[in-house]
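Hi,

Here is the structure I promised to pass on to you. Please open it beside this message, and then read on for what turned up in it.

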Amino acid sequence: MRSNLFALLASALPVVAVAQSAPVSSSATPPAVESVPLEAPGPGSAGLLSPSVTGLPGTIWLGSDPGTLETLVEAVDPRLPALRRLMRSLMLAEADPPLANTDGVTHLSLRLDWLVQQGAVEEALALLDISGIEDRRLFSRWTDLGLLLGQGDRVCRAWERRPHLSDDLALRVFCTARSGDWRRAALVLRSAETLGDVSGRKADLLHRFLDPEVHENSPALLPPVRPTPLEFRLFEALGEPLPTAPLPLPFSVLDLNGDNGWRAQIEAAERLARAGSLPANRLLGLYSLRKPAASGGIWDRVSALQSFEKSLTGGNRDSVSHTLEEAWPQMVSARLLVPFAELFTEQLDQIQLHGRAETMAMRAGFLSSRYEQHAATVPQTSDEARFLTAIAQGTLPETTPDLPHAEAARLGFTDAALPTILQEKLQQGRLGEVILRAMALFSSGAQGNGRDLTDAIVTLRTIGLEDTARRATLQLIVLDTERALR
């Protein structure tokens with residue numbers, strides 16, 4: 001019998017005696033009561049998702065060592081959408097920071113950095129709006145995010161009110177110039193160069209920003225591989241905007257507005273969708289924006305998606321089958337099968353397809369969030385369908401078909417025990433750490449370590465993350481099955 005999450009957590013709490021053997025008061029005089037204001041929650045506990053939304057208690061980090069959490073967060077690389085979704089929930093959850101992390105800023109910074117790396121720029125900025133930016137480390141991250149999103153005026157107004165929170169002289173030069181005091185900005189820059197606080201490309205950029213006419217005939221600067229948001233905005237101000245495609249993922253959000261063309265908009269949306277940072281409906285909206293004027297590459301994918309969506313609207317089974325067979329490999333090559341499944345499973349389940357199209361529709365349903373409803377309607381005509389249906393229903397498959405990871409996945413739905421080391425950490429109140437370790441085990445299992453995959457599934461199910469365990473297992477098997485066919 002599986003242990004319940006809250007029973008496990010409760011078993012780790014000490015028993016407190018509530019009765020006493022002797023009275024503690026010698027009179028009936030009311031005792032003096034001291035009152036002190038309750039402290040406001042620290043920045044480390046800030047979150048966008050409440051425990052009632054995540055289903056996770058606000059104590060998930062309390063018992064863990066901050067250094068261990070940092071190592072785990074940096075090491076975990078959840079490539080499956082179900083695990084990325086879980087990781088995002090952890091990073092956005094309202095929860096107290098580790099007890100050893102007194103100010104909570106280090107813990108919040110860890111979460112912010114992960115979100116930004118995944119392209120969740122607006123969510124990270126919203127977290128900072130909740131936590132406040134009165135700490136230098138948080139102010140630095142807030143200014144970077146604001147500059148990245150083009151909120152230069154807002155950033156500079158905040159810096160003017162809180163200049164003590166930043167030692168970034170380049171930001172000081174930038175904001176002083178934007179306020180109209182170009183002479184003072186130039187003086188600050190020369191002083192910073194003299195002291196060695198600003199040098200190299202950044203100094204050159206700032207000089208060109210302050211006096212572009214002097215440098216009009218100077219050779220163009222080589223673009224940095226990983227520019228800071230401020231450097232990005234300086235290049236833009238000089239009329240030499242940097243293309244975002246080769247830049248880190250957070251810069252992709254800048255192309256979603258379409259200023260750089262439809263192709264750049266779609267490419268940015270696909271990058272963000274792969275990272276789980278863009279809703280599937282928004283991706284579809286961009287695919288459907290207009291008719292492609294070219295062919296090859298991304299345009300073949302757009303054309304295939306538009307044809308498939310049109311055929312679904314028409315309801316002709318033969319047309320749906322044909323266009324699905326055209327669109328499916330496009331989604332496989334783009335690593336966007338899960339968003340595709342989220343968009344179209346409900347409609348596909350209402351159409352009786354045959355042959356290859358039927359198999360594709362069956363697999364799409366198991367990739368979607370409707371996997372349980374889908375499992376109830378899938379014809380049990382193949383070993384694959386029966387196996388995936390059992391996983392979707394959280395039951396032990398009767399047989400092990402010839403599918404990637406099938407045996408290890410099957411063992412995960414037995415009554416196997418939670419690994420001892422994870423059981424101990426759970427009893428120590430380290431739930432968040434256990435979840436991170438389970439995701440790391442799942443990633444190892446996805447690379448072929450069957451025992452790790454089994455342990456990961458068992459752990460997720462034991463701590464109450466049944467939906468994640470099923471979805472991640474289904475996604476791993478279906479996606480690797482498709483990859484094996486290409």
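Below are some notes on the whole protein, followed by one helix, two hollow spaces and a few single residues.

First, how to read the values: this is a predicted model, in which local features need pLDDT of at least 70 and side-chain atom pairs count only at pLDDT 80 or more, while totals for chains, interfaces and linings use all residues. Residues are numbered from 1 along each chain as its sequence is written, and side-chain values use heavy atoms, with hydrogens and water left out.

**The whole protein**

The protein has 25 helices and zero strands. Helices (H or I, at least four residues) and strands (E, at least two) are DSSP runs, numbered from the N terminus. The C-alpha trace spans about 90 × 80 × 40 Å along its principal axes. Of the 486 residues, 49% are buried; here buried means under 20% relative accessible area, exposed means over 50%, and partly exposed is in between (1.4 Å probe, protein chains only).

Contacts are pairs with heavy atoms within 4.5 Å. Among the contacts with a separation of 6 or more, 63% join residues 24 or more positions apart. The protein exposes about 24000 Å², and carbon and sulfur atoms supply 51% of that area. Accessible areas come from the Shrake-Rupley method with a 1.4 Å probe, and for residues only the protein chains shown count as cover.

As for charge, there are 47 positive and 58 negative side chains, and the centres of the two sets lie 2 Å apart. Lys and Arg count as positive and Asp and Glu as negative, while His and the chain ends are not counted. Each charge is placed at NZ of Lys, CZ of Arg, CG of Asp or CD of Glu.

**A covered helix**

Have a look at α12, which runs over residues 229-237 and is mostly covered, with seven of its nine residues buried. Those buried residues are P229, L230, E231, F232, R233, L234 and F235. Their cover includes α7 (136-148), α9 (169-178) and α11 (200-210). Just after α12 comes G239, with a positive phi of about 80 degrees.

**A pocket and a cavity**

The second largest pocket has a volume of about 460 Å³. Of its 16 lining residues, V116, Q117, D144, P229 and P250 are the closest to its centre. Two elements, α5 (105-117) and α7, give two or more residues to this lining.

The structure also holds one cavity of 30 Å³ or more, and the largest cavity has a volume of about 30 Å³. Its lining consists of R79, L80, L83, F442, S443 and A446. Helix α23 (residues 431-446) provides the largest share of that lining, three residues.

On the terms: on a 1 Å grid over the protein atoms alone, a cavity is a set of points where a 1.4 Å probe fits but cannot get out, and a pocket is an open set with protein on both sides within 12 Å along at least five of seven lines; lining residues have an atom within 4 Å of a point. Grid points are joined across faces, edges and corners, and a volume is the space filled by probe spheres set on the points.

**Single residues to visit**

Two residues of helix α24 (residues 450-462) are worth a click: D455 and V458. D455 counts as buried because its relative accessibility is 13%, and D455 touches P419 and L441, leaving aside residues up to four places away in sequence. V458 is buried too, with a relative accessible area of 0%. The C-alpha atoms of V458 and T414 are separated by 8.2 Å, although the two are 44 residues apart along the chain.

H374 sits in helix α19 (residues 371-375) and, at 2% relative accessibility, counts as buried. Not counting residues up to four places away in sequence, H374 touches D349, A361, M362, G365 and F366.

G67, in helix α3 (residues 66-75), is partly exposed, as its relative accessible area is 37%.

Where should you look for a positive phi in a residue that is not a glycine? One such residue is R335, at about 60 degrees, in the loop between α16 (317-334) and α17 (337-348). R335 counts as exposed because its relative accessibility is 57%. H405 also has a positive phi, of about 65 degrees, without being a glycine; H405 lies in the loop between α20 (383-392) and α21 (406-412).

Enjoy exploring!
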